[in-house]
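Trainee: I would like to go through the contacts between the chains and ask, for each term, how it is earned.

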Amino acid sequence: MKMLRFITVFICACTLFAGSQALAAWPDKNITLIIPYAAGGTADATGRLTARFLEQKLGVKVVVKNVGGATGTIGAAEVARSRPNGYTLGWYPPGPAVGIPHMRKLPYGKDAWQPLGMMFEEVSFFSMAKDAPWNSVDDVIAELKAKPGEYVMGSSGPGGAVHLSIYSIMKGLGDLQVRHVPERANAEILKAIAGGTTHFMAAQGSELQRFDIKALFVVDDKRSPSFPDIPTAKELGYDIPRITNWYGLFAPAGLPADVLKTLSGALNDIAHDPDFIKAGTQMACTVNFRNAEEFTAFYLEQYDLYKVLIEEAVGSPKE
Amino acid sequence: MDVILEALAQTVSVYGLAALLLGTFWGIVVGALPGMGSVLAISICLPFTYTLPPAAAIALLLGVYCGSVYGGCLSAILINTPGTPQSAATCFDGFALAKKGQAGKALGWATVSSVAGGLISCVILIISGPQLARFALRFGPIETFALILMALTCIISVSRAGMLKGMLAGVIGLFLAGVGPDPLYGDVRFDFGIFQLSAGFDMIAVVVGIFALAEVFSRAAEPGSGELPALMNYSGMQYPKLREIKAKWKLIVKSSLIGSGVGVLPGTGASVAAFISYAEAKRTSTDKENMGKGSIDGVIAPEAANNAVTGGALVPTLALGLPGDPVTAIMLATLVIHGITPGVRLMADNPETVYSAFMTLICANVLLLVFGVIVARMFAKLLRMPESLLFGGVVILCLLGAYGVRSNPFDLYVTFVAGIFGFAMRLYKAPVAPMVIGLVLGNQLELSLRQGLVLSRGNFLSFFTNTPVSAVLFAVTACILLYPLLKKLFVRWRHASSRLS
Amino acid sequence: MLAMRLKNIIFGVVMLAIGAFLLSSSYSTSYSGAEMENGPMFFPQILLWLWVALSVGIIIEDLRKNAPIVQRQQVGTLLLVMALVGAACVLLSIVGFIPVCFVFFAGYGYVLKFRNLPILFLISAAFTVLIWAVFNYALQISLPEVPFFVD
């Protein structure tokens, strides 16, 4: 009898405990933000910045975990297989989410994510060395048509935003024939341009400011506020898909609605916080916010866009 | 002039000095702990850098960088396990000296060499930073390929057990580096369907296994192990006399130049510099036979070189905005976060930052002389523990270090297998160094080769005639490869001609 | 003599086997693009051919040696230590840091003849707690955690 009573009390206590856990407001303990790249890169810097502001907004510690490897897929896979309770989040650029799934088999797919919010976005500038002999797009086109395969475009890796940017630019300018030399990071492309072995790249605004390169146009719907003199590709009459390098917060799919609402609201506030924008600008990163719905739509659209482009630019997906 | 004063003010500000002192000390401690390397030490400091003023943040990072590269020699010499990959070359002669009871002498020389290497590289950085950076820009893919090939050949050529085993070790290392995504197409190679392998092998995990775990296994296998010997008598660090230092000045300067050069050039790092310097010292040392068995040259060369890399790697970081290695990449990011843009504009926009960085690095190097003694004493106290307990702790730290790089349990399996393999290599007298270097350099070597082939449109022969720089590097590589053969032929010719006369 | 020579060439033979296996798998069609000029298998295949050739060379070289290459070893302790370390590597992320650290530290000390059990357990526990505290609170590096305690 005593044993039975004890068991009953024990079960009730457990239920109450479990129940109270469910009733406890999210978040009530630390959140882990997985950044699938090594410390010190742009992904890491922007992710940590967002983490700091999230901490203030949510009132719990947001601990950053760098899980690098395989161009971001190892970290992304870890987020994908974690429990969708809002305590494990991921911070990625396009690569692991919409690019690499088309290049090889991964343990996660299109439906693995609940996009929470995009915080940064960098548009691409069609760039070359500052002392390059061309000053207009027509000059470039003429030269490249006269000497197909003579010039080199650089990227930071096959299938990445930077690669697909310059690829679609070359395609949009008239299927110009260039050779592709990939590097391991944007810094290396800039070095190659300075050294003269690479000629064209899709650069970001910060790189345009810091390095000795010039841009002939920007691939965006409007001119960049930091570079009002640089025309858009559209103005010049070229139809080039808008491929950007963005950073956003993701959760594994299946997030409870209330958690989604809290996170979405927090990100919205952060993105409009002048301190956040100022910090971002100091890092030479452009804050551009899409909330959860907008970001989800954007994510799906990018997924399909990358599929097409990667098939052309890199080759068909391998098993 | 007031720029220099401004820089001085920043450097000796309260925050700046505190950051420097703490950073250097912390760096030495972490560097000395097996399994924990420079990147880990710096990553831990990252959160603190956000709240510090820029000069202090840089002081913290430079202190940690400088200290950790030096700190590795402590455990390399005392327990034959390098505290950081950069000190792997110091194990050979360092530990041999310790076994002979000369640990204090070895440590003293290691400290002096590290300080000298760091200071010399600072001088080079200050004098010729921008010109060096511009020279580094001329290293396109083909030059980089030639350079790495030369480095590999150099290291293989001094392997003790003969060229074949050394070359195989190098090839294995290069191959292991290639496991993972292909640099041109993104295909994953040799993952055999295991997702975790698609990231390839992490260098820290492999180095920890090959050096630290293999050492643990070796000690377990030694007949008579397990009795409780206290580790060798350590009576305090003994700094070499000024007269002795002067006698070795050529070696010190040469090693420092190698380190600075390697730091400035792309695709390499401090561990490579240490091995190249060691190989070069072995080739030209007057004490050649003793190298590997307890020659002081074998401690001076790698330690001077690896600390010289710290100054060298700052050159492309500050002057071009392009980081020279993972640690300077983090430093670069910190600068950027604070709104300072390294690169061609840095001297124009923020000159006091540049001067402050030089001064900080010089101070950090000098601090090594003091902190080195203190930390060495701390470690020596730890070493009085019985080996059976001490190495238990070493293993745990190493496993945590291997795990902590990518928070990936798979890396632990890699470390274990690397340990077994490293142990087997020791048994069969195959040199481990070329394998580590192959792993470190493999990706860059392959990338440069494939990039070069795209640029030359598949014409490999044109590599040799690409630019004067690449031609020279290939020629040197050929010489290093053919030197032993030519020597043998020369000796035989000598014999034949003397018999005739 | 023959036994010694056979023992000497074990390293070379094993390397040859591994190299040959990898080389043959690099030609398998599961890697598309294997036929490409500057394709994914281009560089690895160069390396693997070198690997195989060097292994053969090493076998020949070691066969001609007149002395055993490998010295006498204390196999029992070695295998125990290997098993302990291997178990630690595997279990660290399955069972979590604290139990593995404690058991390994004590086990390793015991195998290497530190037989003073109370002191051994005390030091093991102290070390485990120290590392856990430093990493968790001071350094904020994530230690391998037990899956069912993590939410």
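Trainee: What makes a residue pair between chain B and chain C a polar contact, and how many are there?
Mentor: A polar contact is a pair of N or O atoms within 3.5 Å; within protein, one must be able to donate a hydrogen and the other to accept it, and residues adjacent in sequence count only if both atoms are side-chain atoms. Between chain B and chain C, 3 residue pairs meet that rule, both residues being at pLDDT 80 or more. This is a predicted model, in which local features need pLDDT of at least 70 and side-chain atom pairs count only at pLDDT 80 or more, while totals for chains, interfaces and linings use all residues. Residues are numbered from 1 along each chain as its sequence is written, chains are lettered from A and ligands numbered from 1 in the order in which they are written, and side-chain values use heavy atoms, with hydrogens and water left out.

Trainee: Which elements of chain B supply the side that touches chain C?
Mentor: Counting helices (DSSP runs of H or I, at least four residues) and strands (runs of E, at least two), numbered from the N terminus, the elements that give two or more residues are α3, α8 (163-178), β2 (188-189), α9 (203-221), α17, α18 (409-427) and α19 of chain B. The largest share, 12 residues, comes from α17(B).

Trainee: Why is the pair Lys165(B) and Asp62(C) called a salt bridge?
Mentor: The term requires a side-chain nitrogen of Lys or Arg within 4 Å of a carboxyl oxygen of Asp or Glu. The closest N and O atoms of Lys165(B) and Asp62(C) are 3.2 Å apart, so the pair qualifies. The count between chain B and chain C is 1 salt bridge.

Trainee: How do you know how much area chain B and chain C bury?
Mentor: Buried area is the accessible area (1.4 Å probe) that two parts lose on being put together, summed over both. For chain B and chain C this comes to about 5800 Å², with carbon and sulfur atoms giving 79%. Phe190(B), Leu389(B) and Tyr428(B) supply 12% of the area that chain B buries against chain C, more than any other three residues.

Trainee: What salt bridge joins chain B to chain A, and what makes it one?
Mentor: Arg457(B) and Glu150(A) have their closest N and O atoms 3.5 Å apart, which satisfies the rule for a salt bridge. The count between chain B and chain A is 1 salt bridge, and 7 residue pairs are in polar contact there. On the side of chain B that touches chain A, α19(B) gives the most, with 6 residues. The area buried between chain B and chain A is about 3700 Å², of which carbon and sulfur atoms give 59%.

Trainee: How do you know that α6(B) is not a straight helix?
Mentor: The expected span is 1.5 Å times one less than the number of residues. With 35 residues, α6(B) would reach 51 Å if straight, yet its end C-alpha atoms are only 42 Å apart. A kink of about 85° lies at Ser128(B), shortly before the proline Pro130(B), the bend being the angle between axes fitted to the seven residues ending there and the seven starting there.
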